[in-house]
Amino acid sequence: MAKKHLFSLNAPANWPIERKKNVWVARPNPGPHSLNKCIPLSILIKNLLGYGRTLREIKTILNSGEILIDSRIRKDYKFPVGLMDGIKIKKTKENFRVIINKNNKYELKKINDEELKLKPCKIIGKKTLKKGKIQLNLYGGRNIIVDKDSYCVGDTLLIDTEKNNINDHLKLAEGSTVYIDDGKYIGTIGKVNSIIIEKGLAKNKIVIIKDKEKIHTLKDYAFVIPEDMFKK
């Protein structure tokens, strides 16, 4: 039987909670993100949006159908929300993208309606199906089946969340703009300078340029994004 709550002291470090004030916090239900890669919708509404002071108020907001995540109404206060998810508040007509900043804390970035519609999804795996079709496994639990194998693990797809189809394909290559989603340089945005592939290495490495400085990190941490994504 799944546990309903977490000790606040055991919650992921990037959750915006007062650990000494409350003994328990809501535990995210199983969903598109794992426990250490998500935040419960209730904490997002209360601590990041500031829209509800109590769980009762939060449930009232959710039951009214005011909150959409990736174009779908969500009413479960324990729904797991993670990196790059798009949040729409119908009443205030506000849109946000969930990101993790350089302090390894969840943050909401304001976006417009067009940006909200297109969600960046990193390809984390591929599988060959019958009749030569390819299943692309995406960060965030989404899967898409394509006819041609022109995609690589590490590339990013811009997914139309209303139609659930591919709007654009962003390759992980030299010159690509990437957001670092884990490790020491989490939250950093820069240009790919080179990708280092060496036999015997457990993980391939990548070098990015940020303000003329070279940063070395793991290739798995690079999340390709549109060049102008965080410039507005």
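Helices, with H or I codes and at least four residues, are DSSP runs numbered from the N terminus. The views below show a predicted model.

**View 1. Helix H1 and the glycine that follows.** Helix H1 covers residues 41-49. Its buried residues are Leu41, Ser42, Ile43, Leu44, Ile45 and Leu49. Glycine 50 comes just after H1. This glycine takes a positive phi of about 70°.

**View 2. The aromatic pair of tyrosine 139 and phenylalanine 223****.** The structure holds one aromatic pair. Tyrosine 139 and phenylalanine 223 meet edge-to-face. Their centres are 6.2 Å apart, with 80° between the planes. The pair links distant parts of the chain, 84 residues apart. Tyrosine 139 sits in the loop between strand E11 (134-138) and strand E12 (143-146). Phenylalanine 223 belongs to strand E19 (residues 222-224).

**View 3. Burial of the two ring residues.** Tyrosine 139 has 17% relative accessibility, so this residue counts as buried. The cut-off for buried is under 20%. Phenylalanine 223 also counts as buried, because its relative accessibility is 0%.

**View 4. The largest cavity and its lining.** The count comes to one cavity of 30 Å³ or more. About 40 Å³ of space lies in the largest cavity. Lys37, Leu83, Ile100, Tyr106, Tyr139 and Asp181 line this space. Four lining residues are nonpolar and two are charged. No lining residue is polar. Tyr139 thus appears twice in these views: in the lining of the largest cavity and in the edge-to-face pair with phenylalanine 223.

Conventions: Residues are numbered from 1 along each chain as its sequence is written. This is a predicted model: local features need pLDDT of at least 70, side-chain atom pairs count only at pLDDT 80 or more; totals for chains, interfaces and linings use all residues. Side-chain values use heavy atoms; hydrogens and water are left out. On a 1 Å grid over the protein atoms alone, a cavity is a set of points where a 1.4 Å probe fits but cannot get out, and a pocket is an open set with protein on both sides within 12 Å along at least five of seven lines; lining residues have an atom within 4 Å of a point. Grid points are joined across faces, edges and corners, and a volume is the space filled by probe spheres set on the points. Ala, Val, Leu, Ile, Met, Phe, Trp, Tyr, Cys and Pro count as nonpolar, Asp, Glu, Lys and Arg as charged, and the others, Gly among them, as polar. Rings of Phe, Tyr and Trp (its six-membered ring) pair if their centres lie within 6.5 Å; planes under 30 degrees apart count as stacked, over 60 as edge-to-face and the rest as tilted. Helices (H or I, at least four residues) and strands (E, at least two) are DSSP runs, numbered from the N terminus. Buried means under 20% relative accessible area, exposed over 50%, partly exposed in between (1.4 Å probe, protein chains only).
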